[in-house]
Amino acid sequence: MKLRNKEKDVIALLNKAQRENKHNYITEDKLKLTAQEAGLSYSEVYGVATFYSLFSLKPRGEYVIQVCDSGPCHLMGSKSIFKVLEKELKIKVGETTADGRFTLEEVSCLGICNEAPAMMINEKVCGNLTPQKIREILRELRKKK
Amino acid sequence: MNTVNLTINGKLVQAEKGSTIMEVALANGIKIPHLCYEKGLSIAGSCRLCMVKIKGRPGMEAACTTEVVEKMKVITSDEEIDEARKLIVELILSEHKHDCLVCESNGQCELQDLAYELGIEKIRFPVSKSIEPTEDSSQVILKDPNKCILCGRCVRACAEITVQRVLDFAARGSGTFLISGLDQPLVDTDCVSCGACIQTCPTGALTEKLARFQGRSWEFRKVQTICPYCGVGCQIELNIKNDKIVKVYGVEEGPDNKGHLCVKGRFGFDYVHHKDRLTTPLIKHNGKFEEASWDGALNLVATKFKELKDKYGSDALAGLSSAKCTNEENYLFQKFIRICFGTNNVDHCARLCHASTVAGLSRAFGSGAMTNSIWEFEKADVILVTGSNTTETHPVIGNYFKHLAAYNGTKLIVVDPRAIELTEYAEIWLRQKSGTDVAWINGLMNVIINEGLYNKEFVENRTENFDEFRKVVSKYTPGKVEKITGIPEEKLIAAARMYGKADRGSIVFAMGITQHTTGTDNVLSLANLAMLCGNVGREGTGVNPLRGQNNVQGACDLGALPDVYPGYQKVSKAQVRENFETTWGVKLPPKEGLTVVEIIDAASKGEIKGLYIMGENPMLSDPNLNHVREGLENLDFLVVQDIFLTETAELADVVLPGVSFAEKEGTFTNTCRRIQLLHKAIPPIGKSREDWKIIMEISKRMGYPMAYHSPGEIMDEIASLTPIYGGVHFDRLGGQGLQWPCPSREHPGTPYLHKDKFTRGKGLFTPVDYIPPAELPDEEYPFLLSTGRVLYHFHTGSLSRRSKPLDGIAPEGFLEISPQDAKKLRIKNNDWVRVSSRRGKLKVKVKITHHVDKGVVFMTFHFAESAANLLTSDALDPVAKIPEYKVSAVKIERI
Amino acid sequence: MIKELKSPLRVVLENYGRINPESIEEYIAQDGYEAVGKVLREMRPEQVLSEIKASGLQGRGGAAFPTGLKWEFTAKAKDAPKYIICNADEGEPGTFKDRAILEGDPHKIIEGMIIAGYAVGAHYGYIYIRGEYLLSINRFNKALKQAREHRFLGEDVFGSGFNFQIEIHQGAGSYVCGEETALMESLEGKRGNPRFKPPFPPSSGLWGKPTLINNVETLANIAPIILKGSDWFRTFGTKKCPGTKVYAISGHVKEAGLIEAPMGITLREIIIDYAQGMRDSKFKMAQVGGTAGAILGEDMLDVPLDYASLGEKGLVLGSGAILVMDETTCALDMLECFLNFFKRESCGKCIPCRVGTEKLLELATAISRGEGKEDDIDLMLHTAKVMQKTSLCALGQSLILPISTTLKYSREEVTEHIKGRCPTGVCKI
């Protein structure tokens, strides 16, 4: 049925598809499946999936590190946070490490501005970042299998 | 009507309440710059160029989104507004490198015009230099992202007009871009190449790929005329350079298409200039065609026909007229056959499509045509579509149904054995077994009567024979119907309630209903259903056969039929005949003539000796082709008048080159009885001649000179002899045309029939019992074959297969088979199979699809290489003599 | 747990940090759901409407539209069904009050939504929570489950015959979806493009039906107003802007965090009395109202921070975010950051905003690199003004404010960049 009846669910469906993927992205197959389930056309699903910044259509690392660069974080030094991360991970913003473990992204406000600068790793938010703290966090993550 | 008074730039204007400032301004000739607004599409309000000021309100408002109110004072331009517009256009221009030098839209680009009008000489912003590659995967559409301004008109056109939803925006903000499908090349998407996106694009972002470098807007001569493909009757504008059709646009004012077109109507015109066009008469000597002079050919034709007539009598001659030719030509053709041949052996391909409609509806209502108008569908609450794959055969109407289902709340009930596209938009889809239509229609009526949902008042006052009819229907309980048709009881009941409860229900059908040995019964049943619920004689209701050919309605109306003169006046009625004899000044034969299939039969039996075929191709279109070949080869003399050397023309003794729709004047009558004017756009190709002139020449040589100077004169004669065309004259046909019946010069035409009274007086209920099809699958031929069309081709393909883009998209025929059956036969997609019936066999490629049920296969009949009609059965409906194309038994073997 | 500074007064945050947000029992013990009980048992919808109108409560999302009036418009709309939406798409940088309420006192929002539903005749509510707020989503889910178990949600609430359901809709990363019509598009499963207005949501909102959409903090005020009365509510704040406001303080202060205070508190009071003063250096400026808010210099330290007082000066209180910046801050660097945010978050539907945000950032970046021209500053202002007048939604309309106020205080500092020098040394030229 091509009448739009379940299109409301499209964001939830995409969200689920991304969470279930170990590379933190939505595959083409899932996009097609979502279109069917939500009663949308392919272009409409693609339009929605690329509109929202939490979705990715490209494979990402096991850990997606999203650093806030909105006003408060910028003021409190997010630029130096990016620098440290880029140096430690040897990638630029928007890239994924060769071993497929980390992706670095720039995002808008995460809502913990009183602890700026802040970032989110997968679904965990970390604030009051300093270069030292970032190195520790990365060390912990690298230890995990 | 609620009107409001307002001023725009000080000018006092009146407007309908609820309209927007933009609409009012446009209606009053006041220009407000805009890019994202287009009439007929939903409003986006996104380009922000139409900002205006309203006295008493702060700031500016968008004219396209702001409703007018009483005493509103609108200012559409001042320094501040102009400054803002200028800046917005500068922003657009800074997004890309806009190169007008070789742009197809140069001269008709809305952005170019705006930049010029606003006097933008310099862009103050940094201009982004990145150049994106163009996307040319489609046969017809060229996408240039560098020229896209993201106005969204194409996205809305695709979603709202064609309802394909192939286009949308991806990403966001300054990264936003136009995509098709999952950001795929157009060719890999659901794009149906209708080109609505091109027509609406304000810049050169979406253009006609094949028209590239073929001409610019100011070089084109523009001619408005009518599309020659299906019966919708779309008005088109041909853009011509050096007598060549380069581009085609849909005419916004076209009453039935409102600017919309399908792939054939927009891109399928290159056949007009195809190298295969016949440019000179041909005479066959020793089995080979040789070029001949017109005089030589015409003399030969006249002499041979005269000889045969003298030797074997008038009834040894026959003529097949053409649903592709104009009303005037059809009128002349049947007049010529009746006078010069002296027989009523004249018919045309309507016999093969809607003969049963004409028979059935004439009997039930008194008029054998679509009762209502196309634009009225939006007034219907429920539309029941059966036996019509509308989105492929009548795409502009099919898309309109999708639009109504998606945006208008109209409920669709689709009854079809195939999972056609419309089923995806239907509230209820009933999948009946092929050929069981009378049973399910009776079943619906059984439920409607039992549940008291029928219109007692209408039945009592406006119909007759209800009690007899009711007796038969009472036998068709949902349980019994399920056994015959395979439609589950509860679904049948749900559909009955939906149609029965609707205030306005419209029934739409086509060949799936008519092409059966019970075709007339099927049509009568649908007429019963409509009358039962009082769905006749009001807007948005009715029984609506969709006619297949551009002028099949007209060819019937003008008497290219063996039993009636123009206007469905019976040949057998002495009074009628005398009237024609008086006007034409000759004695006319009183005996009804033979029909298409009967003519072929008679030819193979040697009873018909000479045949004149104008613009028809029975060697592909008629059932049981081997038998057709036998018949045609058995003739003493065959004349074919066409624009190509068709499969039929190859068998002819003389071939006369007629012209295409673009090379002549005249009228076509579309499926909703609308008579519209055709305008000559280019001179005849080579030595080809207008068909009406050729008929006149032969007639003269056979002793009956005709002296018309123009098709308009012919129409005047038609009007004098044909009551339903009585008021039709060329001078009245500008713009909207006229819908018959139009009995007098003052009559405005008739959008819907049977308003207070049926043409025949009272509507007649006919009790109809279910009879199974003539040939059903058995052990030897285990599959049921159904035939039909695809979007990209038309009828026997003599036109569409000579169109590069159309044949490029759909170059070959196929056999649709269900996955279950494919598995059983161990065949894969694109495998070749041999399909055979009791009448013939062919080879074809396989397409495995859920569209057909198991046990059923489907083929199109467009392709000479795999001509489905080699297989089909020539079993006829006893009343209408229409063959049963939709049901025959075949076997399938892997090659 | 977000740090709460020592609030002088608590209405919205009365339970914050004091009860276990995952325990409905603890909420009930603090008179929780009594407002719903009172409304359903003792009040007619019109009485609820007049109580909210009388309170003078204004929308706390930033637009400050009178809440009672919005409710009344929705109640009067003829079409059905009607919907309640709680806008919990708190994306304004520097703002984290809604998150605190959702995480700390979710039942208060449920209560507010039920009352709103009863008052306007809606039986279905959605809460749109931004995708980044996973804890909020989890807490709210739990709260909904408990409320259903306690029959505060569902059929026949409090035996009154009134039915009400709430569903969570999770966002997926888009600032503009905080705009009410973009939020509705997103809720319907589309790209988050704002719609043009009118029609406004009370007459045509979600799926074209009458819809009441309120911010989290607004809805958190409902139960207290119902229980304690509009007169009580009007004893706080100013005459034009009654009640309290939750301010979110971030930046170069000693203590960043939330503070609830009566409307009309000043910037100086907030910085000195509650945020414990500046961290390292002297106050230079503050941005009030989020990234779309104005820059306030020293001369504005004593302006009352309420909708009306700021509105008179052409400024906005917005969501109540306060970003405090000291003298080490480069005004142009911050402006570039703001513009980058707008560029990243513009939905791209209307031309002025889609291209304007990009070009403004390009111009600002050129200047900060020492590649700008004096004319560029005026072009930026002119562009932002045209965007203000012509953009489809508040996103494009409002970035004139940070640009014009930055230039008001720091035009010379910006011009220095064109001459090849960043006075604070932040920008690399």
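**A buried helix in chain B, and the surroundings of chains A and C**

In this predicted model, helix α10(B) holds a run of buried residues: Ala355(B), Ser356(B), Thr357(B), Val358(B), Ala359(B), Gly360(B) and Leu361(B), together with Ala364(B). The helix spans residues 355-364 of chain B, and because 8 of its 10 residues are buried, it is largely enclosed by the rest of the structure. A residue is called buried here when 20 or more other C-beta atoms lie within 10 Å of its own. The cover over the buried residues of α10(B) comes from several parts of chain B. Among the helices that contribute are α9 (350-353), α18 (511-514), α19 (519-532) and α20 (552-557) of chain B. Strands take part too, including β22 (542-545) and β31 (763-764) of chain B. After α10(B) comes Gly366(B), which has a positive phi, near 105 degrees.

Chain A offers a second point of interest. Its secondary structure amounts to 6 helices and 4 strands. Read from the N terminus, the elements of chain A follow the order α-α-α-β-α-α-β-β-β-α. The C-alpha atoms of chain A occupy a box of roughly 55 × 30 × 20 Å along the principal axes. Of the 145 residues in chain A, 48% are buried. Among contacts in chain A with a separation of 6 or more, 61% join residues that are 24 or more positions apart.

Chain A also meets chain B, with 13 residues of chain A in contact with 18 residues of chain B. On the chain A side, α2 (28-38) and α3 (42-51) each supply at least two of the residues that touch chain B. Helix α3(A) gives the most to this side, with 7 residues. By class, the side of chain A that touches chain B consists of 6 nonpolar, 4 polar and 3 charged residues.

Turning to chain C, the assignment divides the chain into domain 1 (24-233), domain 2 (244-326) and domain 3 (331-418). The centres of domain 1 and domain 2 of chain C, taken over C-alpha atoms, are separated by 27 Å. The contact between these two domains draws 12 residues from domain 1 of chain C and 13 residues from domain 2 of chain C. On the domain 1 side of this contact in chain C, the residues that touch domain 2 divide into 4 nonpolar, 5 polar and 3 charged.

Key: Residues are numbered from 1 along each chain as its sequence is written. Chains are lettered from A and ligands numbered from 1 in the order in which they are written. This is a predicted model: local features need pLDDT of at least 70, side-chain atom pairs count only at pLDDT 80 or more; totals for chains, interfaces and linings use all residues. Two residues are in contact if their C-beta atoms, placed from the backbone, lie within 7 Å. Ala, Val, Leu, Ile, Met, Phe, Trp, Tyr, Cys and Pro count as nonpolar, Asp, Glu, Lys and Arg as charged, and the others, Gly among them, as polar. A residue is buried if 20 or more other C-beta atoms lie within 10 Å of its own, exposed if 12 or fewer, and partly exposed in between; C-beta atoms are placed from the backbone. Domain bounds come from an automatic or database domain assignment.
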